[in-house]
Amino acid sequence: MRLTLFGKRLPLVAGLMALLPAATLAGYDKPPEPLLGVMHAPLPATPMLDPTRERMLLIEQSQYPSIERVAEPYVKLAGLRIEPRNRSRHDASSGYGIRACLKNFTLEDEASHQQTPVALPANACPGAPHWSPDGRRFAFTNTTDEGTELWLGDAFTGKTRRVDGVSLNTVMENSVQWLHDSDSLLVKQVPANLGPAPEAGAGAGPEIKQSIEGKGESSTYEARDTLSSPDDEALFDYYATAQLAVVDAASGQVRTLGKPGVIAGVSGAPDGEHVLVETLKKPYSYVTTYERFARDVTVLDVQSGKASPIASLPVADRVPVRGVPVGPRDFEWRANAPATLIWPEALDQGDWKVNVPKRDKVLMWSAPFNGKPHEVARTAQRFSGMRWLAQGNEPFVYEYDANRQWIHVSRVDVSNPAKAARTIWDYSANEIYNNPGSLLSQTLPNGASVVRQDGDAVYLAGPGGTPKGDRPFLDRYNLSSGHTERLFRSSVDTYERPLTVLTGGERFITARQSPVEPPNLFMYTLGASVSDPTAGEAAFASKAAAITQIPDPTPQVRGIGKRLVTYKRKDGVELSFTLYTPPGYKEGTRLPAILYAYPQDFADPSQAGQISGSQQKFDVLRGHRLLLLAGYAVIDNAAFPIVGDPRTAYDTYVDQLVMDAKAAVDKAVELGVVDRNRIGVTGHSHGALMTANLLAYTDLFRAGVATSGAYNKTLTPFGFQNERRSLWQAPTVYEKASTFFQADKIKTPLLIMHGMDDANPGTEPIQSQKLFQAIRGLGGTTRLVMLPHEPHWYTAMESNEQEVYEMLTWFDRYVKNAAEKTETVTKKKAAP
């Protein structure tokens, strides 16, 4: 097995023996003040309401953990990153970020606003708390040097206590969850008497992968994160094996449930008497991660421990890109029944490219799981889940059409499958202005989540997109008539998002923020129906009362200017960006500027031009936005749509990037704020590819900063971003989009940054290393910064300080203080 240690991969035993007390920090640079002070400021506290909506926890968190925390050694096993020292999960979401410790918890009573500090253990590293369904208790994990503990808190006193004898196994999901009665928890433990980790084999052998027959596309995974030897398999079994147990919240008594196994998914039924368990089994795949390993799906009886087999699923390592495995998948409990399972099965071999009348069938099976499951629905597009009311047999059924990027919501009668489904909503996934919103939920006393219902009404909350930005709304939908009425909409000078409706529907809670106010909770009481002249629609007058008063941790940045700007690109597609100006900016002064964007794909040009986001949000400055404090303007979140049929849109990918960029630059210059001769460009991941391509194909920018990108798409030959064709089907598309093949055209300075432990499929660190080598070898101006221990998104304080330092230094040299251009007229470079 291999251990990652300070950017090197060592044998496990040798790596552990070589550990140093802490990572050296001597090589890191820091940006100047006031940027550094803003980076070190805490984040505003985050409120977490209990299910009864009578109390909340205010959660405090630092912006970044330390490099010592991020540099903790770990092993890579089948998509998991595990710290051997305490058997905990190192990362979140398979390499997208490092697991961070929360700081402080504070209880607040909603009615009295009385606050009570929560007594956390000394030197605590707590995880996010889990409220019990009745709101009387909360549970949280505490990671120590030796393992992960289970702690319980009292929602009235703030007192906490550790549950003795419980060492949690947190390497896979659902390590802690409440059972239906709020008096017990279901946990995944480290099995007792497990012993030390297995030693590596006496002699290292070759890594072997094979494909004997058949074909099948699969996502590209970083090879070092998949299993590669019997030693890896043994370590995976050792760290992933868990023992289920039921913990009595009052006494702390622990009772084991079933046998130990490599337990991936676990979920308690609403009745609290049955538990769904997915146990991984051999043979393990060496080409995919644990999510697609073979598995047995069973239901355990909580009292007797009896196991009822549900399904035995083979390894799914030949799933089409953006497809689904064949056979049963995505098991979930019916929310309004004691113990009934629901799952879909593909009717199109799991491949969106196959044309069939119906893509999925949905099956249902109830305890005691005798006989066979029965079919309750078929969906024309991919089944995406059911939302249940507290009672009844007609859930909301969600489907997604990957070809059209379309969402369909219907109600079906699962007690009468022959009855035709009734369409409720049918809309583009990219629709912003007419998005119906999402159904609000409530937690039942048994812990099940169902759609919030009052009489014949349910509630929807949505972003409320408008041509002037988002204005979130709350709607009431009548189940019988299908009529929708608007209860609330955010004002034009705040961004206020409805969170939940309380019993009876007469009160609801929102989270309100503005450019000078961090998000705070408010309680509203509905009044009489009135007309909202700013929206041209009916709404209800409401009385609001503040629930929280969370202060601004960085008042020094509130002098920043912000405006929404709309414009068109040359083919008529509507675009927008947010223009930020530094504190003290004088109108009419032309500034050096940085453009930040992330290309997005749209099937419909009318939706590509719809404006998302809000100018009324509270800004936490990070990354490129911190350069506002150094005198730059920022052209932020510039719309960079790639418009067209999803099957062929990338035929014009580069051409559309160029149109997007030229339109944004021209508009920023037209406003009199930006100096055309001093503009830089930056982007992350797919935005990094955009950045590099814009330097290859245009003369719009004086310098670029590309972070964690993928610049050679032939290394992901079965698709990239939303390109669905393989390299062999569309070789020209892959070549033209790959900056690596255009490196001879990059004469503009490019700073390339990458996390050395990036596990995001397709953006392996070698992508940046090879682009740097190409530009350097061809005589271009470039700099490569590889950040030790960092995944796809940079986590450590020191790494983020380095990123901002590098970006500021690079743009100061090549943008802000650049010599005058001899040619100011922008011309598109010749495309291959």
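Asp 475 has a relative accessibility of 6% and therefore counts as buried, since the cut-off for that word is under 20% relative accessible area. The model in which this residue sits is a predicted one. Asp 475 belongs to strand S36, which covers residues 473-478, and its side chain makes a polar contact of 2.7 Å with the side chain of Arg 486. When neighbours within four places in sequence are set aside, the residues in contact with Asp 475 include Val 458, Tyr 459, Leu 460 and Thr 484, as well as Arg 486 itself.

**The chain as a whole**

The protein chain contains 10 helices and 51 strands. Its radius of gyration is 27 Å, which agrees with the value near 28 Å that a compact globule of 832 residues would have. Along the principal axes, the C-alpha atoms fill a box of roughly 80 × 80 × 60 Å. Of the 832 residues, 58% count as buried, and the accessible surface comes to about 33700 Å², of which 51% belongs to carbon and sulfur atoms. If one takes the contacts between residues at least 6 apart in sequence, 60% of them join residues at least 24 apart.

**Nonpolar cores**

The largest nonpolar core has 62 residues, and Phe 577, Ile 635, Phe 640 and Phe 701 are among those with the most contacts inside it. Helix H6, residues 653-670, gives the most to this core, with 10 residues. Which residues surround Phe 701, once its neighbours within four places in sequence are left aside? Among them are Leu 595, Ala 661, Val 665, Ile 679, Leu 694 and Thr 748, each in contact with Phe 701. Apart from this core lies another one of 31 residues, including Tyr 580, Tyr 632, Leu 751 and Tyr 794.

**The disulfide**

A disulfide is a covalent bond between the sulfur atoms of two cysteines. The count for this model comes to 1 disulfide, which joins Cys 101 to Cys 125 with an S to S distance of 1.9 Å. Cys 101 lies in the loop between strands S9 and S10, and Cys 125 in the loop between strands S11 and S12, so the pair ties together parts that are 24 residues apart in sequence. The torsion about the S-S bond is about -80 degrees, and the disulfide is therefore left-handed. The two cysteines can also be described by their accessibility: Cys 101 is partly exposed, at 28%, whereas Cys 125 is buried, at 9%.

**Backbone angles and loops**

Most residues other than glycine have a negative phi, and most peptide bonds are trans. The table lists some places that depart from this pattern.

| Place | Feature | Angle |
|---|---|---|
| Lys 282 and Pro 283 | cis peptide bond | omega about 5 degrees |
| Ala 367 and Pro 368 | cis peptide bond | omega about 10 degrees |
| Arg 53 | positive phi | phi near 65 degrees |
| Gln 405 | positive phi | phi near 55 degrees |

Pro 283 lies in the loop between strands S20 and S21, while Pro 368 lies in the loop between S25 and S26. Arg 53 is in the loop between strands S3 and S4, and Gln 405 is found in the loop between strands S28 and S29. Is Gln 405 buried or exposed? At 7% relative accessibility, Gln 405 counts as buried.

Another loop residue, Pro 357, has its place between strands S24 and S25, and at 74% relative accessibility it counts as exposed. Pro 357 and Asp 619 are 262 residues apart in sequence and 47 Å apart in space, C-alpha to C-alpha.

Notes:
Residues numbered from 1 in each chain as written. Predicted model: local features only at pLDDT ≥ 70, side-chain atom pairs only at ≥ 80, totals over all residues. Heavy atoms only, no water. Core = buried A, V, L, I, M, F, W, Y, C linked by side-chain atoms within 4.5 Å. Buried < 20%, exposed > 50% of the residue type's maximum accessible area, 1.4 Å probe, protein only. Helix = DSSP H or I, 4+ residues; strand = E, 2+ residues; numbered from the N terminus. Contact = heavy atoms within 4.5 Å. Disulfide = S-S within 2.5 Å. Rg over C-alpha atoms; globule rule 2.2 N^0.38 Å. Areas by Shrake-Rupley, 256 points an atom, 1.4 Å probe, with all protein chains shown as cover. Polar contact = N/O pair within 3.5 Å; in protein donor to acceptor, adjacent residues only side chain to side chain.
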